[in-house]
Amino acid sequence: MGKLDGRVVLVTGAARGQGEQEARLFRAEGAEVVVADVLDDLGEGLAKEIGALYVHLDVSREADWAAAVAAVKEAHGRLDGLVNNAGILRLNALLDTSLDEFMQVVQVNQVGVFLGIRTVAPEIEAAGGGTIVNTASYTGITGMAYVGAYAATKHAIVGLTRVAALELAAKGIRVNAVCPGAVDTAMTDPGEGASPESVARLYRKRVPLGRIGRPEEVARLALFLSCEDSSYITGQPFVIDGGWLAGVSLI
Ligand code: NAD
């Protein structure tokens with residue numbers, strides 16, 4: 001018995017990183033998985049490997065959402081789970097952030113989650129209920145210098161999660177958010193010039209558990225929030241950060 005037997009779950013930004021691990025884990029737990037991304041080659045390859053459906057979905061585009069849901073309904077007849085995982089990060093001081101850059105981040109991270117909830121919730125209701133998991137961040141709970149646009153959208157996602165939980169509970173839909181700290185994906189790749197040892201040293205110093213998170217660990221939290229194990233939980237942000245936000249450390 002898988003924890004998601006009989007479920008049909010769409011994961012956005014699933015071609016790589018945390019979304020990929022969510023797609024893999026959800027499939028292993030029995031769900032029909034829909035891999036959605038703008039990286040078509042990667043996404044199609046993953047979908048083929050795990051036996052999932054791939055849809056091209058730019059989460060910032062309303063028409064893409066409608067087409068994706070239509071494709072899922074044609075393939076599976078229903079859709080009862082959504083993981084809004086797609087996101088982008090731009091590093092910049094607030095005063096150096098152009099309006100274009102700010103809006104680009106808003107469009108993907110914040111509008112993408114709004115469109116996802118608005119498009120998919122009626123389908124989940126029609127399927128008899130289900131779950132939505134939104135990917136915020138620990139920067140959705142606290143501030144972080146040089147990620148102003150990103151942190152603004154992640155705070156917005158926590159707010160949207162709470163409102164959606166209130167409005168959708170009566171329709172049998174639970175809505176929660178994951179708030180990862182630093183997770184080892186392309187998004188946190190420091191690029192050339194940073195040695196792996198210096199990066200490891202940084203996380204050893206900053207994170208109480210002494211290391212960067214693994215995308216598989218976030219996937220397990222998303223699974224918990226998408227299955228019956230969390231049946232009495234809705235409207236909450238769940239921090240998964242190795243203890244980084246636990247408090248000020250003097251050691
Ligand atoms: P990632 O860059 O590996 O994955 C992001 C995925 O989103 C990619 O597959 C990308 O193609 C996709 N994507 C980007 N724009 C899209 C769009 N417009 N439409 C559809 N897909 C799009 O990074 P990740 O760490 O796996 O990020 C997943 C989520 O986790 C993001 O929302 C990110 O903000 C969040 N997050 C990441 C970290 C971290 O440290 N890696 C920490 C907190 C939160």
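This is a guided tour of a predicted model, going from the ligand outward to selected residues in loops and helices.

Local features are reported where pLDDT is at least 70 and side-chain atom pairs only at pLDDT 80 or more, while totals for chains, interfaces and linings use all residues. Residues are numbered from 1 along each chain as its sequence is written, and side-chain values use heavy atoms, with hydrogens and water left out.

**The ligand and its shell**

Select the ligand first, together with the residues around it, where a residue is counted as near if one of its heavy atoms lies within 4 Å of the molecule. This selection gives 28 residues, of which the closest are Asp37, Asn85, Tyr150, Val183 and Thr185. Coloured by class, the shell divides into 14 nonpolar, 10 polar and 4 charged residues; here Ala, Val, Leu, Ile, Met, Phe, Trp, Tyr, Cys and Pro count as nonpolar, Asp, Glu, Lys and Arg as charged, and the others, Gly among them, as polar. Helix H1 (17–28) and helix H5 (148–168) each contribute at least two residues to this shell, with helices (H or I, at least four residues) and strands (E, at least two) taken as DSSP runs numbered from the N terminus.

Next, display the N and O atoms around the ligand, bearing in mind that a polar contact is a pair of N or O atoms within 3.5 Å, that within protein one must be able to donate a hydrogen and the other to accept it, and that residues adjacent in sequence count only if both atoms are side-chain atoms. On the side-chain part of the picture, Arg16 places a polar atom 2.8 Å from an oxygen atom of the ligand, and Lys154 has a polar side-chain atom 3.0 Å from an oxygen atom of the ligand. From the backbone, a polar atom of Val59 is found 3.0 Å from a ligand nitrogen atom. The ligand has 820 Å² of accessible area on its own, and the protein covers 95% of that area, as computed by the Shrake-Rupley method with a 1.4 Å probe.

**Helix H4**

Move to helix H4 (residues 99–126) and select Asn109, which belongs to this helix. Is Asn109 buried or exposed? Asn109 counts as buried because its relative accessibility is 0%, given that buried means under 20% relative accessible area, exposed over 50%, and partly exposed in between (1.4 Å probe, protein chains only). A polar side-chain atom of Asn109 lies 2.9 Å from the backbone nitrogen of Ile88. In H4 you will also find Val105, again buried, with a relative accessible area of 0%; its C-alpha is 8.0 Å from that of Gly87, although 18 residues separate the two in sequence.

**Loops**

Between strand E5 (130–135) and H5 runs a loop in which to select Gly140. Gly140 is buried because its relative accessibility is 5%, and its C-alpha atom is separated by 15 Å from that of Asn84, 56 residues away along the chain. Tyr146 sits in the loop between E5 and H5 as well, but Tyr146 is exposed, at 55% relative accessible area. Check its backbone torsions too: most residues other than glycine have a negative phi, yet Tyr146, which is not a glycine, has a positive phi of about 75°.

Go on to Leu79, in the loop between helix H3 (62–76) and strand E4 (81–84), where the residue is buried at 1% relative accessible area.

Finish at Arg211, in the loop between helix H6 (196–206) and helix H7 (215–226). Arg211 is partly exposed, with 33% relative accessible area, and its C-alpha lies 9.3 Å from that of Val183, 28 residues apart in sequence.
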